[in-house]
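Colleague: Please take a close look at one part of this model and walk me through it in a connected way. I would like to see how the part is placed, what it touches and how it fits with the rest.

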Amino acid sequence: MQNYPPPGFPNFADNGGQTSYATVGRYNLRCLSIACRHVAGDAGCTVAALGRATVDVHNATVRNPQASGPAAGLLQQTLNGFQANFNSIALQQQQNNAKWAQLSTQLHDLRCMGVHAFNRSSKVPSDSIRALPPAAGQPPPAAFPSTRSDLSNLSSATATTFLNAYNQPTGGTRREKINRLARHIGVGDLL
């Protein structure tokens with residue numbers, strides 16, 4: 001954790017409350033500089049140091065009332081700058097979340113394409129098959145058949161369970177359900 005105050009910053013607590021307008025102004029500019037470096041990812045800047053710097057500016061203003069007018073304005077400008085930076089960070093986080101959701105969906109689509117291609121290559125009853133993940137971020141259904149033969153021997157109730165997992169229609173005979181499931185995972189009609 002970074003020591004406070006950072007190097008090059010005045011410590012108003014050691015100044016006996018005798019703070020000039022120029023000192024407060026320079027201090028506020030340095031605070032803004034810290035905020036900008038923090039937003040840019042400077043590892044040497046911490047939110048705690050930024051908060052402490054703001055408190056020190058406020059305390060210096062309270063101890064030196066004759067400087068409170070300009071210092072209060074500078075403090076408000078500093079706080080407005082911090083708020084703008086934090087709003088910018090929040091907006092960036094929303095954009096990153098939207099990009100992550102899009103990438104997650106694309107990854108799911110690619111996985112499904114791979115599973116479909118693998119399952120299409122199965123031709124004989126003993127060939128392995130794979131289950132599709134039902135949706136982005138969800139695992140494939142548990143106890144899914146591992147071969148074409150296992151898939152073709154599913155009971156009607158088990159086929160219905162898997163169809164529900166994939167949000168597929170569940171009506172019809174056992175044969176229709178198994179073929180619908182087989183088509184959905186890329187195997188094609190079995191029975």
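**A close look, beginning at one histidine**

Modeller: His 108 has its place in helix 3, which spans residues 68-120, and I should say at once that what we are looking at is a predicted model. His 108 counts as buried because its relative accessibility is 13%, below the 20% that sets the limit for burial. Once residues up to four places away in sequence are set aside, the residues that His 108 touches are Pro 133, Pro 134, Ala 135 and Ala 136.

Further along helix 3 sits Val 115, which is also buried, since its relative accessible area is 10%. Apart from neighbours within four places in sequence, Val 115 is in contact with Arg 130, Ala 131, Leu 132 and Ile 185. For one of these partners there is a backbone distance as well: the C-alpha atoms of Val 115 and Leu 132 are 6.4 Å apart, with their positions 17 residues apart along the chain.

Ile 185, the other partner to keep in mind, brings us to the largest nonpolar core, which has 17 residues, and Ile 185 is among those that touch the most other members, together with Phe 144, Leu 151, Leu 154, Tyr 166 and Leu 181. Helix 3, helix 5 (156-165) and helix 6 (174-184) are the elements that give two or more residues to this core. Leu 151 shows what such a core member meets: leaving out neighbours within four places in sequence, Leu 151 is in contact with Ile 129, Pro 145, Ile 178, Leu 181, Ala 182, Ile 185, Val 187 and Leu 190.

Ser 149, by comparison, lies in helix 4 and counts as partly exposed, because its relative accessibility of 25% falls between the 20% and 50% limits. The C-alpha atom of Ser 149 is separated by 8.2 Å from that of Val 124, although the two residues are 25 apart along the chain.

Next comes the pairing of helix 5 with helix 6, whose axes come within 9 Å and cross at roughly 35°, in a crossing that is left-handed. Helix 5 takes part in this contact through Ser 156, Ala 159, Thr 160, Phe 162 and Leu 163, while helix 6 brings Arg 174, Lys 177, Ile 178, Arg 180 and Leu 181. Sorted by character, the residues of this contact comprise five that are nonpolar, two that are polar and three that are charged. Within helix 6, the buried residues are Lys 177, Ile 178, Asn 179, Arg 180, Leu 181 and Ala 182, and helix 4 and helix 5 are among what covers the buried residues of this helix.

Two residues in loops deserve a remark for their backbone angles. Ala 143, placed in the loop between helix 3 and helix 4 (148-152), has a positive phi of about 60° although it is not a glycine, and Ala 143 counts as exposed because its relative accessibility is 72%. Asn 167, in the loop between helix 5 and helix 6, likewise has a positive phi, near 55°, without being a glycine; with a relative accessibility of 70%, Asn 167 therefore counts as exposed. A positive phi is also found in the residue that follows helix 6, where Gly 186 has a value near 100°.

Around that end of the chain there is a charged pair to examine. Side chains of opposite charge can pair when their charged atoms come close. Here the side chains of Arg 183 and Asp 189 meet in a salt bridge, with 2.5 Å from N to O, and a search of the whole structure finds one salt bridge. Arg 183 counts as partly exposed, because its relative accessibility is 46%.

To set this part in its surroundings, the protein has six helices and zero strands, so that its elements, read from the N terminus, run α-α-α-α-α-α. Of its 191 residues, 32% count as buried. Among the contacts with a separation of 6 or more, 47% are accounted for by residues 24 or more positions apart.

Note on methods. Residues are numbered from 1 along each chain as its sequence is written. This is a predicted model: local features need pLDDT of at least 70, side-chain atom pairs count only at pLDDT 80 or more; totals for chains, interfaces and linings use all residues. Side-chain values use heavy atoms; hydrogens and water are left out. Helices (H or I, at least four residues) and strands (E, at least two) are DSSP runs, numbered from the N terminus. Buried means under 20% relative accessible area, exposed over 50%, partly exposed in between (1.4 Å probe, protein chains only). Contact means heavy atoms within 4.5 Å. A nonpolar core is a set of buried Ala, Val, Leu, Ile, Met, Phe, Trp, Tyr and Cys residues joined through side-chain atoms within 4.5 Å. Axes are lines fitted to C-alpha atoms, for helices over the stretch in contact, and angles run from 0 to 180 degrees between N-to-C directions. A crossing is left-handed if the near helix is turned anticlockwise from the far one by less than a right angle, and right-handed if clockwise. Ala, Val, Leu, Ile, Met, Phe, Trp, Tyr, Cys and Pro count as nonpolar, Asp, Glu, Lys and Arg as charged, and the others, Gly among them, as polar. A salt bridge is a side-chain nitrogen of Lys or Arg within 4 Å of a carboxyl oxygen of Asp or Glu.
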